[in-house]
Amino acid sequence: MMMKMPWRRKSRSFHLQLQGAIGTIQSPFLFSFTNYCHSSTSTLEDARFLTNNFKSASFTRLDDAIASFNHVIHMHPLPSRAQFSRFLSALVKMKQYHTVYSMSKTIELLGISHDVYSLSILINCFCHLHLVDFGFSVFGKMLKFGLEPTTVTFTTLINGLCMESKIDKAVEFFDDMVARGYQPNVRTYSVIINGMCKFGKTSVAIGLLKGMADGDCEPNVVTYSAIIDALCKDELVGEALELFSQMRNKGISPDVITYNSLLHGVCKLGQKNQALALMNEMVEQNILPNVYTFSVLIDALCKDGMVSEAQNTFNVMIQRGVEPDVITYTSLIDGLCISDQFKEALALLKEMMGRNISPNVFTFNILIDTLCKKGLVSNAQNIIKIMIQRGVEPNVVNYNSLMDGYCLCKQIDKARKLFDLMVTNEIADFFSYSILINGYCKCKMIDDAKELFDEMSDKGLVPNVVTYSTLIEGMFQAGRPQTAQELFKNMCSHGQQPNIVTFSIMIDGLCRQGNLDEALTLLKEMEESQLKPNLVTYCILINGMCKAGKINDAKELFSSLFENGLQPNVHIYCAIMKGLCREGLIDEAYKIFRDMEKGGCLPNNWCYNIIIQGFLKHKDLPKASELINEMVDKGFSADDATTELVVHLSRNNDLILRLLKVLARI
């Protein structure tokens, strides 16, 4: 069944619609160059220059093109339609689509009839102006004049539909083209395949590629590159490399775009060695890496913490005459910020601006966010000032970062003022509320946090699991366990699924309140919701059990970790050792202490102090002395509790007095 396309519908108000879509278009007769070309000061030499300029279509400036056009439309005889079309094609290459339309109307008024080529040029202009429906109107005009569209005409319209994200209509029109007996060429296939890939129809595109190979139309590097790019973006790099190999086996040489897609794909998967191998391969085949190639590699190196290597790549790029762009600089600035090299990052920002490369909102946000997280809020404020001076409007992300910085520095009043300003300007979002709620909780201003939380719901902003978790933790810390539990229930009833962090906060809060049974009930709920407790959760529970005097339950839970294939961390070891020492089970605690290292977990300062305190409390001074010497040899030091115990036991005890001398040396 033949599809219904826009070009089948007639519109009497075509020009009115067009004027509304792209604005009033001035006729070239009114361009200022008309008077220049026909003034009394015009010379024969000028006329020859303008005529030759028109015929050769070799101009590089729009003003020169307009002057030539305004000259030749007063000539007798007028240039042919073919000459006008060649001239307009040159303007299309300069992306002067509005001007081409205006000149086409003038040529029409001069009585020069359209042909397929001239109408195809118009269609192309409308497609690039994202006015594909007007392109179809011109297509209808072509059919009305009895002109036979070419494959180029169909391809142009298919491209226009793809550019406007109308991929289903593009496929339909492609099928209609074939049904009408037109043979798609490699450009047609490449356009439709590229469109399919961009809209997630990669498997269909691959099928079309196979159909090409089976038919009379051989795919080219553009066709293959479109699919390789889509596969890489879908992280199907293995399939992309396989297709890359097939392409080369067919004698089709890859270009810089093909390699860039593959580089981006392997870098996303963290395969740096593969990326470097591809880059070396490019150079061997005399395919010069461009700014995108270098930027992808620099970004990948920065994300892997290899900032010095990224800087070296940046220097090589400049040495080879490839100018870095805003993306290159932004990636390197991000890498420097991640590695705490703020001075270098700010110096790079200065260098970037010195090269007249304008930082964008993402560049500034990386610097603002990093400075705020490090507590350098005044520096972040200066960056925002530079941003505004350079005409880059700060967005909600920038302001959220600054507000978060104020909260981290306990400047809660400044954070609130900024938040109120954001609300007044209607740019505050869900994250703005969550950041300030977190800030209030950290400053123990729990009522303000709850008030803001309620306001959030009133404004139609749905709190997520992070917001709920933050407020629940704040309520426990403020000594309001009942409110915390109510929030947890409210969260579940509103369809927000608690995550492992939420459950851990709840279990910790209940354990601290002495509600161990409720904490264990919640653990079961957690496991029933298919969430596996992590080491943090187990540490909280072991601590809670020890404090509640349920040392056997704690020992059983500790042993179960090994049975479940989990390796306890230093915090869990400390929790169980402390519990055992408290219960007088010093030998068991010491055994666990010695087993730590065998299990691949090295004791830290905290572990030594716990076990030493255990022996001191049980008056086993020789063992405590041995461990203190061992602790000092490993570069650790006694904490206040250990020192206090030693001082307390030092009366009339020579061994303890010697220990005090050891501790004094630390």
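The residues lining the largest cavity of this predicted model divide into three nonpolar, two polar and one charged. They are Cys441, Lys444, Ile446, Gly474, Gln477 and Ala478, and the space that they enclose has a volume of about 30 Å³. A search of the whole structure finds one cavity of 30 Å³ or more. Rolling a probe the size of a water molecule over the atoms shows where empty space is left.

The chain around this cavity is built with 38 helices and zero strands. Of its 666 residues, 47% are buried. Among the contacts between residues at least 6 apart in sequence, 60% join residues at least 24 apart.

Two of the helices, α16 and α20, can be described in some detail. Helix α16, residues 272-284, has 13 residues and reaches 18 Å from its first C-alpha to its last, close to the 18 Å expected at 1.5 Å a residue. Its buried residues are Ala275, Leu278, Met279 and Met282. Seen down the axis of α16, these residues fall within an arc of 100°, so they line one face of the helix. An α-helix has 3.6 residues a turn, so residues three or four places apart point the same way. The buried residues of α16 pack against α15 (256-268) and α17 (291-303), whereas the face turned away from them carries the exposed residues Asn273 and Glu284.

Helix α20, residues 342-354, also comprises 13 residues, which should span 18 Å at 1.5 Å a residue, and its end C-alpha atoms are indeed 18 Å apart. Here the buried residues are Phe342, Ala345, Leu348, Leu349, Met352 and Met353. Because they cover an arc of only 135° around the axis, they lie on the same side of α20. Among the elements that cover them are α19 (326-338), α21 (361-373) and α22 (377-389), while Lys343, Lys350 and Gly354 are exposed on the face turned away from the buried side.

The backbone after each of these helices can be described as well: α16 is followed by Asn286, whose phi is positive, near 60°, and α20 is followed by Asn356, whose phi is likewise positive, near 60°. Most residues other than glycine have a negative phi, and most peptide bonds are trans. Positive values of phi are also found at Glu235 and at Gln530, neither of which is a glycine. The table sets these two residues side by side.

| Residue | Phi | Loop | Relative accessible area |
|---|---|---|---|
| Glu235 | about 65° | between α13 (221-233) and α14 (237-249) | 44% |
| Gln530 | about 70° | between α30 (516-528) and α31 (535-547) | 71% |

With a relative accessible area of 44%, Glu235 counts as partly exposed, because that class runs between the 20% under which a residue is buried and the 50% over which a residue is exposed. Gln530, with 71%, is exposed.

The peptide bond that joins His76 and Pro77 is cis, with omega at about 0°. Pro77 is found in the loop between α4 (62-72) and α5 (81-93).

Conventions
Residues numbered from 1 in each chain as written. Predicted model: local features only at pLDDT ≥ 70, side-chain atom pairs only at ≥ 80, totals over all residues. Heavy atoms only, no water. Helix = DSSP H or I, 4+ residues; strand = E, 2+ residues; numbered from the N terminus. Expected span 1.5 Å × (residues − 1). Buried < 20%, exposed > 50% of the residue type's maximum accessible area, 1.4 Å probe, protein only. Arc of directions from axis to C-beta. Contact = heavy atoms within 4.5 Å. 1 Å grid on protein atoms, 1.4 Å probe; cavity = no way out; pocket = protein on both sides within 12 Å on 5 of 7 lines; lining within 4 Å. Points joined across faces, edges and corners; volume = space filled by probe spheres on them. Nonpolar A, V, L, I, M, F, W, Y, C, P; charged D, E, K, R; others polar.
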